[in-house]
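Q: Please take a close look at one part of this structure and describe how it is put together. After that, say what surrounds it.

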Amino acid sequence: MRLVVKDICFAYNSVDVLSQVSFDVHQGQIVGIIGPNGSGKTTMLKCINRVLKPRVGTVLIDDKDLKTLSRKEIALEVGVVPQNNEIRFPFSVMDVVMMGRSPALQTFERESKEDMEIVEEAMRMTNVLKLADREIDQVSGGERQRVIIARALAQRPKILLLDEPTLHLDVNHQLEVLDLVRDLAKREDLTVIMVSHDLDLAARYCDRLIMLSKGEIKAAGEVDNVLTPDNLDEVFKIKAYVKFDEEIGTHRVNIISVSENGRDV
Amino acid sequence: MPEPDITQLYTAKLSKWTLIIILLVVALFLSIVITLCIGTVNIPFTEVLDILFGGDGTGNNRTIIMQIRLPRVLMAGLVGAALALAGAAMQGLFKNPMASPYILGLSSGGAFGASLAIVLGVSFATGLFAVPAMAFVFCFLTLFIVYNISKVKGRTPVETLLLSGIAVGAFFSALVSFMKYLSGDQLSSIVFWMMGGLWRADWTQVLVIIPFIIAGSLMIFVLSRDLNTMMIGEDHAVNLGVNTQAVTKVVLVAASLMTAAAVSVSGIIGFVGLIVPHILRIFVGPDHRILLPTTLLVGAIFMIYMDTLARTIMAPEELPVGIITALLGAPFFLYLLRRRRRLTGW
């Protein structure tokens with residue numbers, strides 16, 4: 001599996017949000033998209049599965065242009081965990097995960113035994129099997145996030161897109177969800193693209209980072225090549241140093257202060 | 001705790017759904033037969049069954065059953081099913097418990113069209129089709145206006161849709177009141193019809209509305225699964241391959257088809273489209289694949305009994321059934337809302 005994003009340009013009401021964004025991703029990698037508010041992270045994610053249709057540019061999965069696929073076909077290639085997962089209706093956890101099979105089913109087609117097995121497997125991988133009977137509006141935020149990931153897995157996608165998967169979660173749930181994502185990438189060889197606000201978590205879990213600034217890629221590549229003091233100063237307007245933490249085996253962003261050029265007053 | 005077996009759990013759920021639907025179909029059939037027994041002359045259950053399956057019955061009982069009561073009972077069932085299903089689909093689409101044909105102004109629009117035909121004799125069609133044709137035209141017109149006003153950059157945000165529905169509905173309600181004012185010696189007939197009644201039922205009316213209700217129901221049933229994902233969230237639905245814009249349009253058209261059918265033969269009957277789906281959400285949950293068929297069946301059963309009450313409670317006088325559904329429906333609805341709020345999800 002190989003995802004190629006080529007020359008994506010996107011504008012909302014003729015204001016450029018993304019210009020000339022290109023990158024590619026290899027199977028089993030976790031790629032983090034970071035950047036300040038308004039830098040185009042979520043737009044980028046939505047352009048990948050064509051929820052938003054870029055003015056220019058192509059997205060290829062294994063050399064297949066997503067432009068040529070229907071929405072249902074795209075849903076079988078790309079699974080998404082959106083940002084807002086607040087669900088107010090008492091669907092059971094099992095039913096929510098089963099919705100992941102809907103792109104593979106005809107209108108009045110009943111779920112086959114195979115569909116049910118796929119759902120069970122997705123629920124086992126995400127450790128939500130024991131919640132099967134519970135109502136989705138009654139489970140915790142971390143559990144709900146795992147259920148939505150299970151639903152995305154039930155789509156049997158080649159790529160998993162996550163938009164701020166740790167937003168509104170307690171610290172332990174943040175780690176739990178991202179541990180799961182890392183496990184899936186490793187064990188299932190799943191390709192993951194994840195938008196993140198949290199630089200430390202992005203550094204800790206991603207194999208590669210893409211730093212967006214005002215709709216353009218400022219830096220892309222290995223964590224230590226992207227999270228440099230200069231980039232952080234220029235894009236995030238913070239003075240920081242980045243150190244490898246031996247104890248947890250990951251890079252950490254240590255913020256000293258707001259940059260001189262980043263102060264609002 | 002042993003891990004649940006999804007295949008077993010899910011298969012059991014599907015079987016339960018099938019069982020519920022079979023039971024409700026039986027209940028509907030029994031309700032039809034039971035209410036056919038009731039009237040100025042009470043006819044025994046077994047005799048009604050015999051007549052339904054081709055028997056002659058005693059005296060002119062066959063005529064009473066086949067020509068008077070059966071079309072009335074069937075029409076009540078059709079109207080109840082149409083209103084309840086239209087309500088369920090709209091509530092699901094708008095994720096809003098108040099969404100119903102009334103909020104989008106469809107009922108008022110349809111009622112105005114129908115009253116134009118009744119009072120002024122203005123219609124595109126003639127004879128028996130004059131009133132329903134005008135109701136259909138104005139239901140669609142209302143839908144068209146509401147939908148286009150509320151469309152922002154190719155999308156229809158729920159807020160603008162509901163608000164423009166209220167505005168357009170108010171406009172047509174005012175026009176209906178104006179028609180009442182103009183109607184002179186037809187006033188009582190208009191007023192009675194506006195309160196919602198099925199006393200004009202006959203076979204012709206039944207046959208006129210059947211195709212519209214079948215078409216509308218099928219359009220909605222096809223979208224059950226899409227409506228489920230849209231309730232989770234529009235972005236979720238899109239990511240699961242649903243064309244949410246198309247679903248929205250089809251549901252609106254289908255709901256207006258069914259509303260127009262109901263309004264054109266029975267005036268404005270309230271609360272059915274609101275209460276029936278709510279009660280079923282409590283019992284069968286939010287999944288449209290079971291919610292929609294059960295709402296259709298229970299809507300029919302509910303209306304059949306309400307109308308039987310309407311035609312017998314003050315016999316030989318008739319009470320408009322809309323008064324009964326409102327009097328019984330509103331307090332029951334409030335009680336349910338208070339007590340089971342959590343389970344309904346809103």
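**Strand pairing and packing**

A: A:Leu3 has its bridge partner in strand 2 of chain A, and that partner is A:Val25. The model is a predicted one, and this pair of residues is a convenient place to start.

The pair belongs to a longer run of pairing. Strand 1 (residues 2–12) of chain A is joined to strand 2 of chain A by eight bridges, and the two strands run antiparallel. In general, strands of a sheet pair through backbone hydrogen bonds, and the pairing can be parallel or antiparallel. Strands 1 and 2 are part of an open sheet of four strands in chain A, with the order 2-1-4-5 and antiparallel pairing. At the edges of this sheet are strand 2 (15–26) and strand 5 (64–65) of chain A, each of which pairs on one side only.

A helix lies on this sheet. Helix 1 (residues 41–48) of chain A lies across strand 1, strand 2 and strand 4 (56–61) of chain A, and it runs at about 60° to strand 2 of chain A.

Chain A also has an open sheet of six strands, in the order 6-7-8-3-9-10, and here the pairing is mixed. Strand 6 (78–81) and strand 10 (216–221) of chain A are at the edges; each has a single partner strand, so one side of each has no neighbour in the sheet. On average, and with direction ignored, neighbouring strands of this sheet are turned by 15° against each other.

At one edge of the six-stranded order, strand 9 (residues 208–213) of chain A pairs with strand 10 of chain A over five bridges, in the antiparallel sense. Within that pairing, A:Met211 is opposite A:Ala219 of strand 10 of chain A. Helix 6 (residues 171–187) of chain A packs on the six-stranded sheet, where it touches strand 3 (30–34), strand 7 (159–163) and strand 8 (191–195) of chain A; the direction of helix 6 makes about 135° with that of strand 3 of chain A.

Helix 6 also has a helix beside it. Two packed helices are described by the angle between their axes and the distance between the axes. Helix 5 (residues 141–154) of chain A packs against helix 6 of chain A at an angle of about 15°, and the axes are 9 Å apart. An angle under 35 degrees counts as roughly parallel, so helix 5 of chain A is roughly parallel to helix 6 of chain A. The crossing of helix 5 of chain A past helix 6 of chain A is right-handed. Helix 5 of chain A contributes A:Gly141, A:Gly142, A:Gln145, A:Arg146 and A:Ile149 to the contact, and helix 6 of chain A contributes A:His173, A:Glu176, A:Val177 and A:Leu180. Sorted by class, the residues of this contact are three nonpolar, four polar and two charged.

Further along chain A there is a hairpin. Strand 11 (residues 238–245) and strand 12 (residues 250–258) of chain A are joined by eight bridges and run antiparallel. Four residues lie between the two strands of this hairpin, and A:Gly249 in the turn has a positive phi of about 65°. A:Asp245 has A:Thr250 of strand 12 of chain A as its bridge partner. A:Lys239 is likewise bridged, with A:Ser257 of strand 12 of chain A as its partner.

Chain A also touches another chain. The contact takes 35 residues from chain A and 28 residues from chain B. On the side of chain A that touches chain B, the elements giving two or more residues are helix 2 (71–75), helix 3 (93–98) and helix 4 (113–125) of chain A. Helix 4 of chain A gives the largest share of that side, six residues. The side of chain A that touches chain B divides by class into 19 nonpolar, four polar and twelve charged residues.

What secondary structure does chain B have? Chain B comes to 15 helices and zero strands. Its radius of gyration is 21 Å, close to the 20 Å that the globule rule gives for 346 residues, so chain B is as compact as a globular protein of that length. The C-alpha trace of chain B spans about 65 × 50 × 35 Å along its principal axes.

How values were computed
Residues are numbered from 1 along each chain as its sequence is written. Chains are lettered from A and ligands numbered from 1 in the order in which they are written. This is a predicted model: local features need pLDDT of at least 70, side-chain atom pairs count only at pLDDT 80 or more; totals for chains, interfaces and linings use all residues. Two strands pair if DSSP finds at least two bridges between them. Axes are lines fitted to C-alpha atoms, for helices over the stretch in contact, and angles run from 0 to 180 degrees between N-to-C directions. Two residues are in contact if their C-beta atoms, placed from the backbone, lie within 7 Å. Angles under 35 degrees count as roughly parallel, over 145 as roughly antiparallel, 65 to 115 as roughly perpendicular and the rest as oblique. A crossing is left-handed if the near helix is turned anticlockwise from the far one by less than a right angle, and right-handed if clockwise. Ala, Val, Leu, Ile, Met, Phe, Trp, Tyr, Cys and Pro count as nonpolar, Asp, Glu, Lys and Arg as charged, and the others, Gly among them, as polar. The radius of gyration is taken over C-alpha atoms; the globule rule is 2.2 Å times the number of residues to the power 0.38.
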